[in-house]
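Got the viewer open? Let's take a short walk through this one, selecting as we go.

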Amino acid sequence: MKLIDLEAQQARIRGHIDHNIRRVLDHGQYIMGPEVQTLEERLRAYVGVKHAIACASGTDALLMGLMAYGVGPGDAVLTSPFTFIATAEVIRILGAVPVFVDIDPRTFNMDPAKLEMAITALRSGKPQQYPLPRLSAVPRGIIAVNLFGLPCDYEAIRAVARQNNLFVIEDAAQSFGAEYQKKKSCGLADIGCTSFFPAKPLGCYGDGGMCFTDDDDLAQKLDSIRTHGKGSHKYDNVRIGINGRLDTLQAAILLAKFEIFAEEVLLRHKAAQRYSEGLRSSGRLSIPFIPDGRTSAWAQYSLLAQNERQRAQIQDRLKMADIPTAVYYPRPLHLQSAFAELGYAAGDFPVSETSSQRIFSIPMHPYLATEDQRKIMETLSLGQPG
Ligand SMILES: *Cc1c(COP(=O)(O)O)cnc(C)c1O
């Protein structure tokens, strides 16, 4: 059994993928070939926004988003400590300061009430109101992370952003295909950033990513930043940019995968529903909570054990039954050595800290067999009272 089964998907569409790859080898436009534009147009239409800018990874998508806003030294960007390192890494790479905001214990996403507290504390420079980094900085924007595929509470987050004149970037690396109030993820903030890392809901066979926006000016900047800050032509450079392009070959692979993506999202919903129905009454494990008006892309199906010890016991038991599990994420970002200079301490973000000790993910992908799910749920409920 696998956490994520990419082989089952490939077996389904191998012919289409081979055909698309061969077409790229025939035309030879490996950089910014026609497949890149076609992919941008298809995904743009799917998300329902005006512009899509393909790029080399989810990390680059976030970096380009911050660069489009001119983020740099002296700026603070508020984000979650319960995420993959890339989310906060891109802030620091630009010399800006990540300011962490604890999560909601039920959704694992940024808590909008705490966001407001953090901004107030930051503006008044009072860490006794909310834990702040040691480096001083002025709030510029927010990166909201849709963890495990579930969109954040964008109505609340955007209201706080409006009041404080901050931009909002959606880290939708895990949530392509999810919805919030009938709108697709990647179109829920000023810029939406996703990743096509192989294990994400829509993945390629290497690294890839995309930015989405409704704003013409931002779109033009993102396009320029993606290609070394180009101006009217390649050797006219009007700003500092990066080599952030998506390979034509990856776009060709994604075009084949996108054909079946909507169906795969439905298959993920069905698998998640079977898990949640089976595990709801299991007592000591808490199942994912999906608030009204939202759907998850189910990048992960994550459960909370009672404590770290129980989690280890459950993971061992599953491992003996040949069922893989993973922990996303075992250490919140404010406790990573890479961010030691921020001066955060254990206890600053208690919800993220306890979640990192209790959370674990079980196999989730569109081709998960019902019998495998039954075996997983039976193994999970062994040794549980009630
Ligand atoms: C995967 C991921 C990223 C980075 O995407 P890459 O394509 O691997 O660079 C960023 N944020 C989150 C939340 C992710 O899960």
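## An odd phi, then the pocket

Start with a selection away from the ligand: Phe148, in the loop between strand E4 (138–145) and helix H6 (154–164). Keep in mind that you're looking at a predicted model. Check the backbone there: Phe148 isn't a glycine, yet its phi is positive, at about 60 degrees. For context, most residues other than glycine have a negative phi, and most peptide bonds are trans.

That second habit has an exception here too. Select Tyr328 and Tyr329: the peptide bond from Tyr328 to Tyr329 is cis, with omega near 5 degrees. Tyr329 belongs to the loop between helix H10 (308–320) and helix H11 (350–358).

Hold on to Tyr329, as it takes you to the next stop. Which residues lie nearest the centre of the largest pocket? Tyr329 is one of them, along with Phe84, Gln174, Phe197 and Lys200. Show the whole lining and you should have 25 residues on screen, around a volume of about 460 Å³. Colour them by class and you get 13 nonpolar, 9 polar and 3 charged. Now switch on the helices: H3 and H4 each put at least two residues into that lining, and H3 gives the most, with 3.

Next, bring up the ligand. Where does the ligand sit? In that largest pocket. Select the shell around the ligand and 15 residues light up, with Gly58, Thr59, Gln174, Ser195 and Lys200 coming nearest. Gln174 and Lys200 should look familiar, since both are also among the residues nearest the pocket centre. By class, the shell splits into 5 nonpolar, 8 polar and 2 charged residues. Helix H3 (58–68) and helix H4 (86–93) turn up again, each supplying at least two shell residues.

Time to draw some distances from the ligand:

- Thr59: an N or O atom of its side chain is 2.5 Å from a ligand oxygen.
- Gln174: a polar side-chain atom lies 2.8 Å from an oxygen of the ligand.
- Asp171: here a polar side-chain atom is 2.8 Å from a ligand nitrogen.

Finish by putting a surface on the protein. How much of the ligand's accessible area does the protein cover? On its own the ligand has 380 Å² of accessible area, and the protein covers 93% of that.

Note on methods
Residues numbered from 1 in each chain as written. Predicted model: local features only at pLDDT ≥ 70, side-chain atom pairs only at ≥ 80, totals over all residues. Heavy atoms only, no water. Near = heavy atom within 4 Å. Polar contact = N/O pair within 3.5 Å; in protein donor to acceptor, adjacent residues only side chain to side chain. Areas by Shrake-Rupley, 256 points an atom, 1.4 Å probe, with all protein chains shown as cover. 1 Å grid on protein atoms, 1.4 Å probe; cavity = no way out; pocket = protein on both sides within 12 Å on 5 of 7 lines; lining within 4 Å. Sits in = over half its atoms within 2 Å of the grid points. Helix = DSSP H or I, 4+ residues; strand = E, 2+ residues; numbered from the N terminus. Nonpolar A, V, L, I, M, F, W, Y, C, P; charged D, E, K, R; others polar. Points joined across faces, edges and corners; volume = space filled by probe spheres on them.
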